[in-house]
Amino acid sequence: MIETKKTLCNRDCPDACGIVATIEDGRITKIRGDKEHPITRGFLCYRTSLFLSTQYSQERLTSPLLRHNGEFHPISWEEALDLAADRLTMIRNESGPAAIFHYRSGGSLGLLKHLSDYFFERFGPVTTKRGDICSGGGDAAQTLDFGEEESHDIFDLLNAKNILLWGKNVFTSSPHTVPVLMDAKAKGAKLVLIDPAHHKTAALCERFIQPRPGSDFALAMAVARILFENNWIDPQAGSYCDHLDAFRGLAMCHSVENWCQGADVAPESAHDLARRLGPEKPTAILVGWGMGRRINGAGMVRALDALCAISGNIGISGGGVSFYFKRRGAFDTSFIRGKEAAPRTVCEPLFGPELLRLSDPPIRAVWVTAGNPVAMLPESETTIKALSSREFVVVVDSFLTDTARLAHLVLPTTTLLEADDLLGSYGHHWIGVARPVVAPPAGVKSDLEITQELADRVGLGEVMAGSPSDWKRRFIAPKLEPRGLTLETLEAGAARNPLPKKVLFADRKFPTATRRVNLMTEAPPSAGDNLEYPLFMMSLSTEKSQSSHWATPQEGPATVTVHPDAARDIADGSLCRMESAIGSMMVRLRHDARQRRDVAIIPKGGHYKDGRCANALLRARTTDLGEGGALYDERVRLVRI
Ligand SMILES: Nc1nc2c(c(=O)[nH]1)N[C@H]1C(S)=C(S)[C@@H](COP(=O)(O)OP(=O)(O)OC[C@H]3O[C@@H](n4cnc5c(=O)[nH]c(N)nc54)[C@H](O)[C@@H]3O)O[C@H]1N2
Ligand SMILES: Nc1nc2c(c(=O)[nH]1)N[C@H]1C(S)=C(S)[C@@H](COP(=O)(O)OP(=O)(O)OC[C@H]3O[C@@H](n4cnc5c(=O)[nH]c(N)nc54)[C@H](O)[C@@H]3O)O[C@H]1N2
Ligand code: SF4
Ligand SMILES: [Mo]
């Protein structure tokens, strides 16, 4: 029998695509993008197009595994969950719930994944994470400036005359924004990319500005100064912005030439950007998630917020400074209190160091779900040391990741094609449901089943009871049902979240304390120079993987891309070592004359066990605000072998 079924992709990706699967005799034979989904438009990205090889991979875990004397042995679910319940209860009773750390990352963005948080809150509350490795800096910046973070409707880009892709590689990280940008171009919009790294997105743009990494604050101040000097400031800016004079003072404290020197761009580039934001508006700024992952990342995003606000691009159609779409905004998760309830928290980017440092009580047990901290969080070796020295580590995943290898107990779970969940998106406003297109293999349980069966064993069975549909209704009811959206309507097809407006802040009122934009008044910290390690290691998303999950197996050393002048006579295609202050790895060098001379670009998500992991070289540091990860400020050098 041949049938087709629809679901939504739950990966940590801004696009939340509609997927259409063809199933023949119980086996998925094909997946493609849903033509009826307004964002997906019938295509999937490279990594998910190849997902069937992951779905049916020999490496997929189909039984709980217990590590004994360094080796994993399959055990039954009964044994596995009895053991987990006993150990967690013992540790809680002996040391208090703070001795247990529940770490959930974004392996699936399904809303029902929050139920793991809910369980641990009711079981403890236990120690949870704070900060955000991904967008902590940018989130804090936008919230501080505007009182909340949301984005213009993605189709409002069609009303823009200019679109500034500020630190954003749409082809790789949000491919379904590309058709919208193409449509905007067809309607006459002009695109500019501002990014230290050269990538495919430059081809979409009429102009490519390539500043020094981390120098966007300086570039933005040059632009601001030009806006002030030409009187291209919105005449009403003083009425809806706080600190306009102080911000002007900040922009005026250096000449345009000096600011541009700091950013290593020609002053003409700053004049060009100012013209687009001023007389040639409306201009939409799309802020990439990557840009804020720096020690001054929040300051950089705040500078872009300020440019948008003072130039009057805020609150108008075709304008705005869009960073994050509130993917959870439509759903009610308020019964889970999260950080507020937790006895203490671990800062996510400092996972390894904090786990080792915490005492009174020390962390004795760690429950990791939907994340691979060894590969994806900074300072892999510290993370390894931290996890290896705990008494009880459980990892819930479908594969034996770098992190799962350190677990005492590994619990196999469902993939995106077996998910039964609710989804929003952080790159547009469409929401919907994921439904299993096939049942999971024997021996695999969903995160919800795992949580419920654990709950049954520790007296929380009733608290966690309910089918996936029951839980979906609970998340949907408070905000969506009054607006006419029910589970049944979402099951019929993705719908636009009715809550966010198409144009944000159209009344120029902001949910800050003063109802005005909070303009920045001070320069953020600077990463400074480093003569010993001259290159910024930029460990960036690649189309070939979803973080540490690769579409096809990777072999050999990681490829590092540098400008030929930065290669120190190491030939294109040859092996060398890349060293940072804390580690070194063998890499294959690739020359690319389109890159800056101060960057070394390596794909993010390489596996530690294969010696491909950038995080082995990266120190655990946080952003200036919001406890994000300062991921792209580590300096490295290349050494001949
Ligand atoms: N194929 C693929 N897609 C993905 C992912 C993946 O692993 N693979 N990961 C997903 C995740 S987790 C997320 S959060 C999203 C977003 O994932 P990101 O990878 O953060 O994507 P971008 O928003 O494109 O931001 C990255 C861009 O920021 C630029 N950048 C870095 N530093 C600076 C700077 O100082 N100034 C400026 N102007 N630019 C800078 C980088 O050069 C890069 O081009 O994408 C998701 N999409
Ligand atoms: N050096 C460097 N480090 C980075 C970044 C960078 O740019 N450079 N990017 C950062 C960013 S933006 C992010 S968001 C983080 C991502 O960090 P992580 O969230 O840790 O990334 P993944 O490697 O995708 O790990 C997710 C795991 O969840 C599993 N999984 C998938 N679906 C499910 C499910 O339904 N249930 C469960 N239990 N597990 C599931 C997957 O198999 C995978 O092993 O990494 C950050 N780390
Ligand atoms: S990973 Fe992103 S682009 Fe790829 S199918 Fe999933 S939602 Fe779409
Ligand atoms: Mo992310």
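## The shell around ligand 2

Sorted by class, the shell around ligand 2 consists of eight nonpolar, 16 polar and six charged residues. The structure is a predicted model. In this model 30 residues surround ligand 2, and the closest are Ser-105, Met-376, Asp-397, Ser-548 and Tyr-632.

Several polar contacts can be listed for this ligand. A side-chain N or O atom of Thr-369 is 2.9 Å from a nitrogen atom of ligand 2. Val-396 takes part through its backbone, with an N or O atom 3.1 Å from a nitrogen atom of the ligand. Asp-447 places a polar side-chain atom 2.8 Å from a nitrogen atom of ligand 2. How much of ligand 2 does the protein bury? Taken alone, ligand 2 exposes 920 Å², and 94% of that is buried by the protein.

## The six-stranded sheet

Two of the residues just named also belong to a pair of strands: Thr-369 stands opposite Val-396 in β16. Strand β15 (residues 365-369) and strand β16 (residues 392-397) run parallel and are joined by five bridges. Asp-397, one of the closest residues to ligand 2, falls within the range of β16, residues 392-397.

These strands are part of an open sheet of six, in the order β5-β4-β17-β16-β15-β6, with mixed pairing. Its edges are β5 (71-74) and β6 (100-104), each of which pairs on one side only. From one strand to the next the twist averages 20 degrees. In general, strands of a sheet pair through backbone hydrogen bonds, either parallel or antiparallel.

Helix α3 (residues 77-95) packs on this sheet and touches β4 (65-68), β6, β15, β16 and β17 (409-412). The direction of α3 makes about 130 degrees with that of β17. Helix α17 (residues 447-457) packs on the sheet as well, touching β15, β16 and β17. Its direction makes about 150 degrees with that of β15. The range of α17, residues 447-457, includes Asp-447, whose side chain has the polar contact with ligand 2.

## The surroundings of ligand 1

Around ligand 1 there are 36 residues, of which Asn-169, Asp-195, Asp-216, Ser-541 and Ser-545 come nearest. By class they divide into 14 nonpolar, 13 polar and nine charged residues. Which elements each supply at least two residues of this shell? They are α6 (170-173), β22 (535-540) and β23 (545-546).

Backbone atoms make the following contacts with ligand 1. In Ile-194, a backbone N or O atom lies 3.0 Å from a nitrogen atom of the ligand. A polar backbone atom of Gly-214 is 2.8 Å from an oxygen atom of ligand 1, and one of Trp-289 is 2.9 Å from an oxygen atom of ligand 1. On its own ligand 1 has 900 Å² of accessible area, and the protein covers 98% of this.

## Other strand pairings

Another open sheet has three strands in the order β1-β2-β3, with antiparallel pairing. Its edge strands are β1 (2-8) and β3 (27-33), and each pairs on one side only. The twist in this sheet averages 25 degrees from one strand to the next. Seven bridges link β1 to strand β2 (residues 18-24) in the antiparallel sense, and Leu-8 stands opposite Gly-18 in β2.

Strand β27 (residues 584-591) has a parallel partner in strand β25 (residues 558-562), with five bridges between them. Here Thr-559 has Arg-588 in β27 as its bridge partner. Strand β26 (residues 575-579) pairs with β27 in the antiparallel sense, over five bridges, and Cys-576 stands opposite Val-587 in β27. Four residues lie between β26 and β27, and the two strands form a hairpin.

## Backbone exceptions

Most residues other than glycine have a negative phi, and most peptide bonds are trans. A cis peptide bond joins Gly-124 to Pro-125, with omega about 0 degrees. Pro-125 sits in the loop between α4 (114-123) and β7 (128-130). Asp-360 and Pro-361 are also joined by a cis peptide bond, with omega about -5 degrees, and Pro-361 is in the loop between α14 (351-357) and β15.

Ala-370 has a positive phi, near 60 degrees, and lies in the loop between β15 and α15 (373-376). Asp-569, which is not a glycine, has a positive phi of about 65 degrees. Its place is in the loop between β25 and β26.

Methods
Residues are numbered from 1 along each chain as its sequence is written. Chains are lettered from A and ligands numbered from 1 in the order in which they are written. This is a predicted model: local features need pLDDT of at least 70, side-chain atom pairs count only at pLDDT 80 or more; totals for chains, interfaces and linings use all residues. Side-chain values use heavy atoms; hydrogens and water are left out. Two strands pair if DSSP finds at least two bridges between them. Axes are lines fitted to C-alpha atoms, for helices over the stretch in contact, and angles run from 0 to 180 degrees between N-to-C directions. Contact means heavy atoms within 4.5 Å. A residue is near a molecule or strand if one of its heavy atoms lies within 4 Å of it. A polar contact is a pair of N or O atoms within 3.5 Å; within protein, one must be able to donate a hydrogen and the other to accept it, and residues adjacent in sequence count only if both atoms are side-chain atoms. Accessible areas come from the Shrake-Rupley method with a 1.4 Å probe; for residues, only the protein chains shown count as cover. Ala, Val, Leu, Ile, Met, Phe, Trp, Tyr, Cys and Pro count as nonpolar, Asp, Glu, Lys and Arg as charged, and the others, Gly among them, as polar.
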